[in-house]
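Fancy a few short exercises at the viewer? Load the model, keep the sequence at hand, and try each task before reading its solution.

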Amino acid sequence: MYKDTGILHENAVALLARLIETPSFSREEEVTAGIVSSFLSAHGVSDIRQKGNNVWALNRSFDPSKPTILLNSHHDTVKPNPGYTRDPFKPEIECGRLYGLGSNDAGASVVSLCSAFLDFYDIDAMAYNLCLAITAEEEISGHGGVESILTDLPPLDFAIVGEPTGMQMAIAERGLVVLDCLAEGRAGHAAREEGENAIYKALEDINWLRNYRFPQKSDLFGEVKMSVTVINAGSQHNVVPAQCSFTVDIRVTDKYTNEEVVETVRRNLKSRVTPRSVRLKPSFIDPSHRAVRAGLDLGLTTFGSPTTSDQALLDVPSMKIGPGESTRSHSADEYVRLDEIREGIEIYTRLLGSLLELPEQ
């Protein structure tokens, strides 16, 4: 740690309280973007950039000849669910917990990464540059989030993505593909056995989706998972339906690309298959990567994450790690423990200190 731990923690908690009391739903993050920018400026960061509701900054002695580590988390939130018994926008500290919407997902990661960035901001002799990016629209996988600024950032070599993981290292993440499928038949009168029933055609395809197993299994995730989650057909009881639409949710492992999975489905289904997007790619970092080894040296563990984050939009090796617990995300009366923020700052700085080839203080 190169700055006083207590001051870093105190400033981080104060920043998180300001973020909690400021609504920042996806695509409505203008004010919290300003809060993050003002916080960095108040703590000596001289060149802060913004595009849309995304804020980023580089370390003071940025050197284009050096590789760059991205520190990324998101400042947008979902809307509070009806189960809240507290005011979601009123930051309250009780029994060592800071309550409020976005405190855990991913406000604690935001403020901890900001603190770690500030800890190294003025240091000259680092093996890597640092790029801090606090971005928007993660909760909706929006095009106006981190994806929209990647061409504005310097070339990246590695990324730390802040999400609640209990400060353990997610070295892989499932990808997500959603397919809209349409089975087509021919309308007719049900009483006269006319037409071709699109529901029956859809059922054949659904049965294939239910039973098919992709041959390669991931060491971290096991099999690719395909689930039919929505189905619609028919208009009235005596008309054979000419169309039946259904939706497929596919969680892709590190053994396949999204495109490979879509192509396999298309080859085997008679229905028309239209992917909504193949942007949310599965991710994987080699366990022998120096960042993973540095984390293991700190006593951290590795795991594969079933949830999707902005990690899916990055084309560089990355790990997902942050304070808080994934099970609290989007829950009523969301909270993060104050000691989790302290731990987040400490582990981020120790991990970066090792990667930046700086001695611990």
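The exercises below concern a predicted model, and each comes with a worked solution.

**Exercise 1. The open sheet**

Task: Work out the strand order of the open sheet of three strands, and find which strands are its edge strands.

Solution:
- Step 1. Begin with β4 (92-94) and look for its partner, β5, at residues 97-99. Three bridges join β4 to β5, and the two strands run antiparallel.
- Step 2. Pick one bridge as a check: glutamate 92 has tyrosine 99 of β5 as its bridge partner.
- Step 3. Add the third strand. The order reads β4-β5-β18, with antiparallel pairing.
- Step 4. Now look for strands that pair on one side only: these are β4 and β18 (335-337), the edge strands.
- Step 5. For the geometry, follow the twist, which averages 25° from one strand to the next.

As background, strands of a sheet pair through backbone hydrogen bonds, and the pairing may be parallel or antiparallel.

**Exercise 2. Helices on the sheet**

Task: Find how α1 and α7 are placed against β4, β5 and β18.

Solution:
- Step 1. Take helix α1, residues 5-20, which lies across β4, β5 and β18. Against β5, α1 runs at about 25°.
- Step 2. Turn to helix α7, residues 338-355, which packs on the sheet and touches β4, β5 and β18. The direction of α7 makes about 65° with that of β18.

**Exercise 3. Two helix partners of α1**

Task: Classify the packing of α1 with α3 and of α1 with α2 as parallel, antiparallel, perpendicular or oblique.

Solution:
- Step 1. Helix α3 covers residues 103-120, and α1 packs with α3 at an angle of about 140°, the axes being 9 Å apart. The roughly antiparallel class needs an angle over 145 degrees, so α1 is oblique to α3. The crossing of α1 past α3 is right-handed.
- Step 2. List the residues in this contact. From α1 come Leu8, Ala12, Leu15, Leu16, Leu19 and Ile20. They meet Ser103, Gly107, Ala108, Val110, Val111, Ser115 and Asp119 in α3. Sorted by class, the contact of α1 with α3 has nine nonpolar, three polar and one charged residues.
- Step 3. Helix α2 spans residues 30-42, and its packing angle with α1 is about 160°, with the axes 10 Å apart. That angle makes α1 roughly antiparallel to α2. Here too the crossing is right-handed, as α1 passes α2.
- Step 4. The contact brings Asn11, Leu15, Arg18 and Leu19 of α1 to Thr32, Ile35, Val36 and Phe39 of α2. By class, the contact of α1 with α2 has five nonpolar, two polar and one charged residues.

**Exercise 4. Backbone angles worth a second look**

Task: Examine the peptide bond between aspartate 105 and alanine 106, then the phi angles of arginine 27 and histidine 330.

Solution:
- Step 1. Recall the usual case: most peptide bonds are trans, and most residues other than glycine have a negative phi.
- Step 2. Read omega between aspartate 105 and alanine 106: the value is about -5°, and the bond is cis. Alanine 106 belongs to helix α3.
- Step 3. Read phi at arginine 27, a residue that is not a glycine: the angle is positive, about 75°. Arginine 27 sits in the loop between α1 and α2. Its relative accessible area is 54%, so arginine 27 is exposed.
- Step 4. Histidine 330 also has a positive phi, near 65°. Its place is the loop between β17 (318-320) and β18. With 42% relative accessibility, histidine 330 counts as partly exposed.

**Exercise 5. Two strand residues and their surroundings**

Task: Decide whether serine 283 and aspartate 180 are buried, partly exposed or exposed, and list their contacts beyond four places in sequence.

Solution:
- Step 1. Serine 283 lies in strand β15, residues 283-284. Its relative accessibility is 10%, so serine 283 counts as buried.
- Step 2. Leaving out residues up to four places away in sequence, serine 283 touches Ile171, Ala172, Glu173, Asp254 and Gln311.
- Step 3. Aspartate 180 lies in strand β9, residues 175-184. At 29% relative accessibility, aspartate 180 counts as partly exposed.
- Step 4. Beyond neighbours within four places in sequence, aspartate 180 contacts Phe246, Thr247, Arg272, Val273, Thr274 and Arg276.
- Step 5. Check one of these pairs: aspartate 180 and threonine 247 are 67 residues apart in sequence, yet their C-alpha atoms are 4.8 Å apart in space.

Notes:
Residues numbered from 1 in each chain as written. Predicted model: local features only at pLDDT ≥ 70, side-chain atom pairs only at ≥ 80, totals over all residues. Heavy atoms only, no water. Pairing = 2+ DSSP bridges. Helix = DSSP H or I, 4+ residues; strand = E, 2+ residues; numbered from the N terminus. Axes fitted to C-alpha atoms, helices over the stretch in contact; angles between N-to-C directions. Contact = heavy atoms within 4.5 Å. Parallel < 35°, antiparallel > 145°, perpendicular 65-115°, else oblique. Left-handed = near helix turned anticlockwise from the far one by under 90°. Nonpolar A, V, L, I, M, F, W, Y, C, P; charged D, E, K, R; others polar. Buried < 20%, exposed > 50% of the residue type's maximum accessible area, 1.4 Å probe, protein only.
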